Amino acid sequence: MDAVTGWWDDYFWGSMVVLQVFIFSLLLMVLFGLIGAAAKLSDNRVAQKISAAYTVIFRGTPEILVILLLYFGSAIFLTSVAQVFNPEIKFVDVPPMWAGTFAIALIVGSYATETFRGAFLGVKPGSIEAARALGMSNLQTFVFIRIPEMWRLALPAFGNHMLSLIKDTALISIIGLNETFFVAKQAIGTTGEPFTMYIVVGAIYLGFSTIITLTVMGLEKFGLRTTEGAR
Amino acid sequence: MIFDLSLIADSIPKMLAGIGITFQLMALSAFLGLILAVILLLMRISGKWYLSWPAQVHIYVFRGTPILVQIFIIYYGFPQFEFIRESIFWPILREPFGCAVVALSLNTGAYVSEILRGGVLGVDRGVLEAGSALGLSARHKFIYLTTPIAARLALPAYSNDFISLMKATSLASTITLMDMTGIARTIVAQTFAPYEIFISLAIIYMVLTWGIQKTFGRIEKYLSRYVKP
């Protein structure tokens, strides 16, 4: 383990990049999941079809392919857009971090769509009737009745989605994101100890997964505190 | 931004040449992973701490780390040690294909054993009591009652994991293996036409996913043929 000594700070900054990607992709993932679930539950047939296509496409293709497509694809797309305004521009570089964040949020968002849809369907009709009887508006019902009831139902599966998200950040290193994996590659170049360096990466990810698992367990306990008798 | 159709027509046969490797990786890892999963499951439900602990550690570690890290540790990491290079496993661990199979099997084994455990825990107690009343031993109850029912209960989740495994085989392209994704990345590096190549490859993978779903749907129907609707 002596070889790792000089690399701890690099690993630390690498982990911060992982954390940053995780947080931004988590926000985007929830957004995509909610939009997808809303579209699936709506009466609009076009919205239903689009949402169904979204889940089929992103659940059926390998993650690495989506990341590569979004990274290289967006670079080409932006280049052609930029060339319309300024033909001098040869190539527009897309930061791998944003292409990657967007890609993994899209992928995991397609799984979250199904989770959220199921959770919204799990809200008891009686609760909604009660809200109507109290004279709540649709928005009030959504914020005070549907959301508090639905997030508890969604939480176990949502915890798994967060784990997929943190593990998928490792794939962004393929398109050159400067995270722990990338640090390991540099460290191997100078020390020649690939096993040690990759084990450190594994340990960092294991730490992140453990934190997420424990957080979800705590939240589940918190969510069930009022329904203890019912279960 | 115009789709080059002739390029797609050119490259699809090239990519399909790699489908064999994808299938080999998938079938071998699914088979070895299932064996490992059953072993891990038996270790976990054995009730003996010295068997159940190693199984739980394996599951925890392999579910908590990205599969890419696992592949890299096995392919790039293991050759760091002299004793691995001199061991009998070296012919397997020297080849990227062997490494990919080992990594994918260890990974999918951890996930599948959790799925199987869910199936075993879902078996109705009444059935096992009926078995006891008939005088079946614990082993016979496990083989004749728990196994068929648990297999049926676990199948929907298993089919999802099978699809994840199929998608994970594409990661073998990161350790120089020329599967469909590996070939696609080479073509893109030569032509720089990511849209055409990657989208057509995505469609190939989606067809595979669809096929797996249909196949498992049939198996599920067959296994639940005597279940009351």
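Ser170(B) touches Pro62(A) and Ile64(A) of the partner chain as well as Asp179(B), Thr181(B) and Tyr205(B), leaving aside residues up to four places away in sequence; contact here means heavy atoms within 4.5 Å. The residue sits in the loop between α9 (138-168) and α10 (180-191) of chain B, where helices are DSSP runs of H or I with at least four residues, strands are runs of E with at least two, and both are numbered from the N terminus. Ser170(B) is buried, with a relative accessible area of 1%; buried means under 20%, exposed over 50% and partly exposed in between, with a 1.4 Å probe and protein chains only.

The model is predicted, so local features need pLDDT of at least 70 and side-chain atom pairs count only at pLDDT 80 or more, while totals for chains, interfaces and linings use all residues, and side-chain values use heavy atoms, without hydrogens and water. Residues are numbered from 1 along each chain as its sequence is written, and chains are lettered from A and ligands numbered from 1 in the order in which they are written.

**Interface between the chains**

The size of an interface is often given as the accessible area lost when the parts come together. Chain A and chain B bury about 3200 Å² between them, 78% of it on carbon and sulfur atoms; this buried area is the accessible area (1.4 Å probe) lost on being put together, summed over both parts. On the side of chain A, Leu65(A), Lys167(A) and Phe195(A) lose the most area to chain B, together 18% of what that side buries. The contact involves 39 residues from chain A and 35 residues from chain B.

Between the chains there are 0 salt bridges, defined as a side-chain nitrogen of Lys or Arg within 4 Å of a carboxyl oxygen of Asp or Glu. There are 10 residue pairs in polar contact, both residues at pLDDT 80 or more; a polar contact is a pair of N or O atoms within 3.5 Å, one able to donate a hydrogen and the other to accept it within protein, with residues adjacent in sequence counted only if both atoms are side-chain atoms. The elements of chain A that give two or more residues to this side are α2 (45-60), α3 (63-85), α7 (180-191) and α8 (194-223).

**Nonpolar cores**

A nonpolar core is a set of buried Ala, Val, Leu, Ile, Met, Phe, Trp, Tyr and Cys residues joined through side-chain atoms within 4.5 Å. The largest has 122 residues, and those with the most contacts inside it are Tyr11(A), Met29(A), Phe181(A), Met197(A) and Leu201(B). Helix α4 (residues 96-121) of chain A supplies the largest share of this core, 12 residues. Phe181(A) touches residues of both chains, including Tyr198(A), Val201(A), Leu68(B) and Phe72(B).

**Chain A and selected residues**

Chain A has 8 helices and 0 strands. Buried residues make up 45% of its 231 residues. Leu121(A), in helix α4 of chain A, is exposed, with a relative accessible area of 55%. Its C-alpha atom is separated by 8.4 Å from that of Met150(A), 29 residues apart along the chain.

Two residues of chain B other than glycine have positive phi values.

| Residue | Phi | Loop in chain B | Relative accessible area |
|---|---|---|---|
| Thr176(B) | near 65° | between α9 and α10 | 52%, exposed |
| Phe192(B) | about 50° | between α10 and α11 (194-223) | 34%, partly exposed |

Key. Buried area is the accessible area (1.4 Å probe) that two parts lose on being put together, summed over both.
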